[in-house]
Amino acid sequence: MQTSIQLKEICTINPMCVSQTAILADVLEMMANHRISSIVVVEGKRPVGIFTERDALRIIPELLNTKTTFIGSVMSDVPVVAPMHLDLFEAYHLCAQENLRHLIVVDSTGDLYGIATDNDFMKLLGFDVLSGQEVVENIMHKNVHTLAKHDTLHDAITLMIKSNSSGVVITEADKPIGIVTERDLVRLGRDHANGNMALAEVMSSPVICVNSQRSIYFAIEQMREQKVRTLVVVNNQGLLEGLMTEHDVVKKIESHYVHMLNKIIKRQADDIVRIRKELDERHVLSAVLHESLGVSLIIADPDKKVRYLNPAASVLFGIAHENIDGEQLELLFTKANMPIDHLLIALDKVGAGESYEYDLAHQMKDEIFELHVRMAPIQDQDNHLLGFVQTIQDETDKKHSERKLKQAASIFDNTIEGIIITDANANILSVNPAFMKITGYEEDEVRGRNPKVLSSGRQDKAFYGRMWDSLNASGYWQGELWNRRKSGETYAEWLTISAILDAKKQVKNYIAVFADITSSKLAHDEFEFLAHHDPLTKLPNRLLFNARLSHSLSRTKRTGDLVAVLMIDLDGFKLINDHYGHQAGDRVLEVVAERLMAHTRGEDTVARLGGDEFVVVLEDMTDYQGAMDVANKLIASISQPIMLIETTVFVTASVGIALSFNAGDNPKILVASADDALYQAKSAGKNTAICAQLQS
């Protein structure tokens, strides 16, 4: 089973960072020059804070002296961090829960590794979710905040802070003529702009607009081409209709992930309600049995004549105890419409000196009471019969309680979700059979132990800290985590924990209900893999290739090395496909993919774009000769014989090479240049490689 994409594959590694003593002016200069939305603040290699474009909102209104202000005094501290190996969807879910636009990524030691933003999630998650007919109008903000060009920069900042918006649109006759965003404030803070300046002097103009009826996919592409994170939405007449940001796109994706677990959540919620109800009823019924117990007492002489009734018996038989003297016992039962079959047997047994017990059902008005009757002889020291004593105990509530407890026990024993009941200190008191089936532990092995015995180590202390904060605050927590079975195998579970309080509102127990969602996770991982990989060769597809190429180009901006793109087209493949059939053609493609992987490094990317077209991305290149050497090795490997079931076939390869001398961070230019070089290689006789060096 292929694994899903991890956070380390999509984040920007080695992001720009500064110490807490860095000067604010220098930080603003870095952000403006590199067009980045955040700077990570570190102590050594540990992240301790972050300064984002949103934080820049405070600079101009407070008239900070950026040349004397330390970044540590204006940063957002206590940042949320995530491990580099975290699953892509788990990382996104963390951002959605915490309402984050920047997620700091750390390695296994807690040192800074990279940073993931809305843009990174949108690259991979957005296309498969938003590739349909969804239009911009469905996700844009319709309540857009506007100002006129003669209004001041201070007015714009005040409005953005008050409305918690990322931008203000400047309009004239309802048409957008400019915009001020958080990114503009970084630039203006760097340039020491004055809050009294008119917006006409500081706004970004002309405005990049998108029609409200265009697809979200189109809007994403426009953001990327224009290198902006905010689009102004207009109608066919060019009038302002709304505002769309990258964050709006990422928020739209949330329902895609949540939908996968909706059924599990609902089923567990129903189980929690049932279990809590049964426990509550058990408590109430227990109080009834122990605090409101009433026993009817009857005493009769040897002639079976009643001589005494206690108050409870008087109520049961509907007769005052002072009027009972001398009533025959059988007649007393008959008048009360109670059956006397067992009573007659009891009288015979007691007459012989034995005791006798039986149960009977007695209806009074519209209620049926379940009674337990016990009769015993009263004897002197010589065992002479002096009379009878009879007790009748109302066990209606007890029987009802027993039935309820059996129902609760049935739910506990037969539900397919695992259940753990702990004491107030989170020590396990009881588990159900489903728990034992899922985890492999018997109840005796975990009773008295903390549930952390199941921990897989994949969640850090911060995760459990947030979980307990939620439990202590609301008495409830729900989420996904990974645990470990007794066998050592890890599994994913959807867990719901509820606190049970006593009469003093103190925690008495915790109930945890969990479902094993490993198969759902694996199916999801398989879906994610197929969304980003070619199903035949298992190589990355065009979508993942584009993301990795963009990531490689952004990395070279910091290292100074080059990226090479090798476009590869097979010579003679169509003849094999036509002559031997598609099954033979598929086998040729699989062999070529294996040979490409065998002659490239682990950090390089090999992808299939479609048909017989492959592409290789080489990182850490210094000149074209290194890329040419790799291309020649690939050509030689591909030209080796390929064994099919009944024959041997041959293919060759033409390779076009382009290096990122002047492509900057634009992958389209680099790919187009490699395509041109491939065309030249084909024209030059095939089975060769040509390198196209980009011109200034």
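The protein contains 22 helices and 32 strands. These elements belong to a predicted model. Of the 696 residues, 46% count as buried. The accessible surface comes to about 34,400 Å², and 51% of this area belongs to carbon and sulfur atoms. Among contacts with a separation of 6 or more, 59% are accounted for by residues 24 or more positions apart.

**Nonpolar cores**

In soluble globular proteins, nonpolar side chains tend to be buried together. The largest nonpolar core in this model has 37 residues. Within this core, the members that touch the most other members are Leu566, Ile568, Val588, Phe614 and Ile657. Several helices and strands supply two or more residues to the core, and the table lists them with their residue ranges.

| Element | Residues |
|---|---|
| Strand 26 | 562–571 |
| Helix 19 | 573–580 |
| Helix 20 | 582–598 |
| Strand 28 | 613–621 |
| Helix 21 | 624–638 |
| Strand 31 | 652–659 |
| Strand 32 | 689–692 |

A second core, separate from the one just described, has 32 residues and includes Leu24, Ile59, Ile157 and Val186.

Ile568 illustrates how residues of the largest core meet others that lie elsewhere in the sequence. When neighbours within four places in sequence are left aside, Ile568 is in contact with Leu596, Asp612, Glu613, Phe614 and Val616. The contacts of Ile568 also include Leu634, Ile638, Ala653, Ser654 and Val655.

**An open sheet and a helix across it**

One open sheet consists of 4 strands in the order 2-3-4-5, and its pairing is mixed. Strand 2 (17–18) and strand 5 (76–77) are the edge strands, each of which pairs on one side only. Strand 2 is joined to strand 3 (residues 38–43) by 2 bridges, and these two strands run parallel. Cys17 stands opposite Val40, a residue of strand 3.

Helix 1 (residues 24–34) lies across strand 2, strand 3 and strand 4 (46–52). The angle at which helix 1 runs to strand 4 is about 75 degrees.

**A hairpin**

Strand 21 (residues 418–423) and strand 22 (residues 428–431) run antiparallel and are joined by 3 bridges. Ile420 has Val431, in strand 22, as its bridge partner. The two strands form a hairpin with 4 residues between them. In this hairpin, Ala426 takes a positive phi near 65 degrees.

Key. Residues are numbered from 1 along each chain as its sequence is written. This is a predicted model: local features need pLDDT of at least 70, side-chain atom pairs count only at pLDDT 80 or more; totals for chains, interfaces and linings use all residues. Side-chain values use heavy atoms; hydrogens and water are left out. A nonpolar core is a set of buried Ala, Val, Leu, Ile, Met, Phe, Trp, Tyr and Cys residues joined through side-chain atoms within 4.5 Å. Buried means under 20% relative accessible area, exposed over 50%, partly exposed in between (1.4 Å probe, protein chains only). Contact means heavy atoms within 4.5 Å. Two strands pair if DSSP finds at least two bridges between them. Axes are lines fitted to C-alpha atoms, for helices over the stretch in contact, and angles run from 0 to 180 degrees between N-to-C directions. Accessible areas come from the Shrake-Rupley method with a 1.4 Å probe; for residues, only the protein chains shown count as cover.
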